[in-house]
Amino acid sequence: MTMQRTPLLLSRLMDRGPLLNPREEIVTRTETGLHRQCWKDLKRRACQVASALEQDGIAIGDRVASFLWNNHRHQELYYAVPSMGAVLHTLNIRLSQRDLEYIVNHAADRVVFVDEDLLSCVEALAPSCPTVEKWIVCSDVPGRGAAKAKLPNVIDYEEWIAEADTEYRWPQIDEHSPMGLCYTSGTTGHPKGVMYTHRSTYLHTMAQAMTDSLGLSATDCVLPIVPMFHAMSWGLPFTATMLGTKLVLPNRFMTPKDILDLMEREEVSVSAGVPTIWQGLRAAIEA
């Protein structure tokens, strides 16, 4: 008799952190201060996201796009969309309208989540994206962004999940199923799509927590500066959820002063970003 065969599905890892560290915090900088929620609440809201997507007809394998900064709502999508078997397509907000138009249509995104301050970018994009059935606006003031958005079939994020079920049974699917989608930038010709699978991301998440990798643990406080729309933030949103670490998200507030303030105030132990970020922080510290 051999050991049981368990599919390497992200939902198994995502549920671990909220189970073991339900009261640990996810902290997001907002326009009015710091938003705090715990892993238990984030899981509940992720289940609401999955329930609402299912009610909208989103099924296993469907593409769900995000046009968001590093914040708690984006983290909820990282949890919910792959766990329900759909594919999280993180749109790079730095790309040109021409590239974004091609990418959304090539991926056949059915739903797009967008932060309020990025509305102007997708408003110009929307008429050229016939596959998108719904635009969901994320705002620190519920209803404000959706009210002013010049988009078809638009709704506010908080209003959208308000009546959704807070419990969701994650499906059992093949571990080789796709769970994430990113497109290249700066290459010749059209951007190229790269599909992540549950198995590959599961293994990457486990490896990232190992001693000879980043060595993350539940006692860490993690600040991902690498965008959640770039290479899935190097997998940090998944590893932080698996471990139930304290997670600090800078949102759109990316000046060296803002980042240093978050690091000091929230006692960040691990952060990740490209060299130019650290050069800016070093200059701020030396000044």
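## A buried arginine in helix 3

With a relative accessibility of 12%, Arg45 counts as buried, because residues under 20% relative accessible area are placed in that class. The model in which this arginine is seen is a predicted one, and Arg45 belongs to helix 3, which covers residues 39-55.

Which residues touch Arg45, once its neighbours within four places in sequence are left aside? The contacts of Arg45 are then with Gln37, Arg73, Glu76, Tyr157, Glu158 and Ile161.

## The protein as a whole

The secondary structure of the protein consists of 12 helices and 12 strands. Its radius of gyration is 18 Å, close to the 19 Å that the globule rule gives for 287 residues, and the protein is therefore as compact as a globular protein of that length. Taken along the principal axes, the box filled by the C-alpha atoms comes to roughly 65 × 45 × 45 Å.

Of the 287 residues in the protein, 52% are buried. Among the contacts with a separation of 6 or more, 70% are made by residues that stand 24 or more positions apart.

## Surface and charge

The protein exposes an area of about 13100 Å², and 52% of that area is supplied by carbon and sulfur atoms. As for charge, there are 27 positive and 34 negative side chains, and the centres of these two sets lie 2 Å apart.

## Helix 5 and its buried face

Helix 5 runs over residues 97-107, and its buried residues are Leu100, Ile103, Val104 and Ala107. Seen down the axis of helix 5, these residues fall within an arc of 95°, so they line one face of the helix.

The partners against which the buried residues of helix 5 pack are strand 3 (63-67), strand 4 (87-90), helix 6 (119-125) and strand 8. Just after the end of helix 5 comes Ala108, which takes a positive phi of about 60°.

## Helix 9 and its surroundings

In helix 9, which spans residues 198-208, the buried residues are His198, Thr201, Tyr202, Thr205 and Gln208. They cover an arc of only 135° around the axis, which puts them on the same side of helix 9.

Which elements do the buried residues of helix 9 pack against? They pack against three helices and two strands by name: helix 1 (10-14), helix 4 (72-83) and helix 10 (236-243), together with strand 8 (178-183) and strand 9 (193-197). Strand 8 also appears among the partners of the buried residues of helix 5.

Terms used:
Residues are numbered from 1 along each chain as its sequence is written. This is a predicted model: local features need pLDDT of at least 70, side-chain atom pairs count only at pLDDT 80 or more; totals for chains, interfaces and linings use all residues. Side-chain values use heavy atoms; hydrogens and water are left out. Helices (H or I, at least four residues) and strands (E, at least two) are DSSP runs, numbered from the N terminus. The radius of gyration is taken over C-alpha atoms; the globule rule is 2.2 Å times the number of residues to the power 0.38. Buried means under 20% relative accessible area, exposed over 50%, partly exposed in between (1.4 Å probe, protein chains only). Contact means heavy atoms within 4.5 Å. Accessible areas come from the Shrake-Rupley method with a 1.4 Å probe; for residues, only the protein chains shown count as cover. Lys and Arg count as positive and Asp and Glu as negative; His and the chain ends are not counted. The place of a charge is taken as NZ of Lys, CZ of Arg, CG of Asp or CD of Glu. The arc is that of the directions from the helix axis to the C-beta atoms.
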